[in-house]
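Please look through the sequence and the structure shown below, and keep them in view while reading this report.

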Amino acid sequence: MPTADKAERILILCVDRDDDLGMKAGISTPILGRKDNVNAAASLALRDPEEADANAMFEAVRIYDNLKKGAKGQEEYEVATIAGSDLEGVEADRQLVSELTDVLKEFKATDVILVTDGYTDEMVLPLIESRVPVTSVRRIVVKHSKSIEETAALFSRYMKILVENPRYSRMLLGLPGILFIVLGALAFIPGGLTYAIPALGVIIGAFLVLRGFRVDKTFHNFIKWVRDYSPPPFTVQITSFSALAGILVIIVGGYLGGTAAANFAKNVNDAFGHIPRLIGEFLIASTYLIAIGMCVILSGRAVRWFFERDLRLWRTVVIVVGVAASSVMFVEASKLLIDPEAEYEPVILGVTYEPLLFAIVGGISAIVLTVLAVVFLRKKYRGYFKKTEKEMDDFEES
């Protein structure tokens, strides 16, 4: 006798990819269970007796009843309906996958019998097969008489869809309406009809561009993003603002340094023969601003690490001090590159190193003192921070 673990759990799944259930009957999906599916199909059929999705749902229920009657052993059956989106395309597929996942959480199916109302719905077959095997596909085709009267009725039905469905009415009614309005307005202007063809070309071209590049959809998504936007935490805002301000200061520093070097290059005949001087001119004009910009960026991060109780705060403080001290060394070095024979003491090999030596010694001292202070504060306020020493070591290794 088969065990419960090997029982077949077959799901009869009806797919409504364009969400007629929601658009016409106002019914939310997914729908799980025979009773709920029958009620939903009846409600949709009452709203639109010619709706093929209602027939597909009834067929799914019929298949469920037949299989239920002939069930053998440990076989289990369930019927469900999922829907996509009236936008179709990617939005519809994503909605279908989401609803199928919800259904499979409630009924862990081993096989699926797919019931659709046409080839459009069968486009989702690969999506379903990627999550659960599909053992059968039942496609429902609504039968129509071939008589002229019923052909006319069918034609009028689709014309009604083209007029009432917003997806089609925009093109069928909206664009011609705009063209007629423009032609009517030009008719009131003396000689205005001579511009009719250019005006129609501009309108049709603009419409094709908007639809071709999906500008309308992009605009709709932007409006939705603005409506649903929620600002990030204030620590992220501080980091973003400091990063923007720091980058702007660095750009200004680089621009001033490049301008200083370019001005010097214009006043000499052989610029390549004065490369050390060019580097010195660039550094002395840009170093402090570049260092300030980097410190602004790092300070914003330090504020964030402080409020988030992150041990990376201490490392950031050391880096800020290191950048500030390094800027002084770069400036003193740039002075030597610009004028290496200035008369200051002490003089080593004809070059004055006193300011640069003081900058190096002072910078190293400042960094060492900062590291010692950080080690002390890190131990003293260890309990304030969330991350453990081991987590910090793992982060540094990564």
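Which side chains meet in a salt bridge with an N to O distance of 2.8 Å? They are the side chains of Arg 312 and Asp 310, and the report begins with this pair. The model is a predicted one, and what follows should be read with that in mind.

## Around Arg 312

Besides the salt bridge that joins Arg 312 to Asp 310, the charged end of Arg 312 sits over the ring of Trp 305, at 4.1 Å from the centre of that ring. Both partners of the salt bridge, Arg 312 and Asp 310, are buried.

In the loop between α12 (275–307) and α13 (312–338) lies Arg 309, which has a positive phi of about 55 degrees although it is not a glycine. Arg 309 counts as partly exposed, because its relative accessibility is 38% and the partly exposed class runs between 20% and 50%.

The structure holds 1 aromatic pair. The ring centres of Phe 306 and Phe 307 are 5.5 Å apart and the ring planes stand at 80 degrees, so this pair is edge-to-face, given that planes over 60 degrees apart are classed in that way. Phe 306 is partly exposed with a relative accessible area of 38%, and Phe 307 is also partly exposed, with a relative accessibility of 45%.

## Salt bridges between distant parts of the chain

Searching the whole structure gives 11 salt bridges, among them one between Arg 9 and Glu 76, whose closest N and O atoms are 2.7 Å apart. This pair links distant parts of the chain, since Arg 9 belongs to strand β1 (residues 9–16) and Glu 76 to strand β3 (residues 76–83), with their positions 67 residues apart in the sequence. Arg 9 is partly exposed at 22% relative accessibility, and Glu 76 is partly exposed with a relative accessible area of 33%. The charged end of Arg 9 also sits over the ring of Phe 107, 4.5 Å from the ring centre.

Another salt bridge, with an N to O distance of 3.1 Å, brings together the side chains of Arg 138 and Glu 59. Because Arg 138 lies in strand β5 (residues 134–139) and Glu 59 in helix α3, the pair ties together parts that are 79 residues apart in sequence. Arg 138 is partly exposed at 35% relative accessibility, whereas Glu 59 is buried, with a relative accessible area of 9%. In addition, salt bridges that share partners join Lys 24, Asp 48 and Glu 51 into one network.

## Loops on either side of α1

Where is Asp 19 placed? Asp 19 lies in the loop between β1 and α1, and this residue has a positive phi of about 55 degrees even though it is not a glycine. With a relative accessible area of 16%, Asp 19 is buried, because buried means under 20%.

In the loop between α1 (20–25) and β2 (31–32) lies Thr 29, and Pro 30 is placed in the loop between these two elements as well. The peptide bond from Thr 29 to Pro 30 is cis, with omega near 5 degrees. Thr 29 is buried, with a relative accessible area of 18%, and the side chain of Thr 29 makes a polar contact of 2.7 Å with the side chain of Glu 99.

Asp 53, in helix α3 (residues 52–69), is buried with a relative accessible area of 0%. The C-alpha atoms of Asp 53 and Asp 20 are separated by 7.4 Å, although the two residues are 33 residues apart along the chain.

## A nonpolar patch on the surface

Which residues make a nonpolar surface patch of about 440 Å²? The patch is made by Phe 155, Met 159, Val 163, Leu 172 and Leu 173, and the elements that give two or more residues to it are α7 (148–164) and α8 (166–187). Helix α7 provides the largest share, 3 residues.

Leu 172 is found in helix α8 and counts as partly exposed, with a relative accessibility of 36%. That value suits a member of the patch, because patches are made of residues with over 30% relative accessible area.

How values were computed: Residues numbered from 1 in each chain as written. Predicted model: local features only at pLDDT ≥ 70, side-chain atom pairs only at ≥ 80, totals over all residues. Heavy atoms only, no water. Patch = residues over 30% accessible without salt bridge, like charges linked within 9 Å, V, L, I, M, F, W, Y side chains within 5 Å. Areas by Shrake-Rupley, 256 points an atom, 1.4 Å probe, with all protein chains shown as cover. Salt bridge = Lys/Arg side-chain N within 4 Å of Asp/Glu carboxyl O. Helix = DSSP H or I, 4+ residues; strand = E, 2+ residues; numbered from the N terminus. Buried < 20%, exposed > 50% of the residue type's maximum accessible area, 1.4 Å probe, protein only. Phe/Tyr/Trp six-rings, centres within 6.5 Å; stacked < 30°, edge-to-face > 60°. Lys NZ or Arg CZ within 6 Å of the ring centre and 35° of its normal. Polar contact = N/O pair within 3.5 Å; in protein donor to acceptor, adjacent residues only side chain to side chain.
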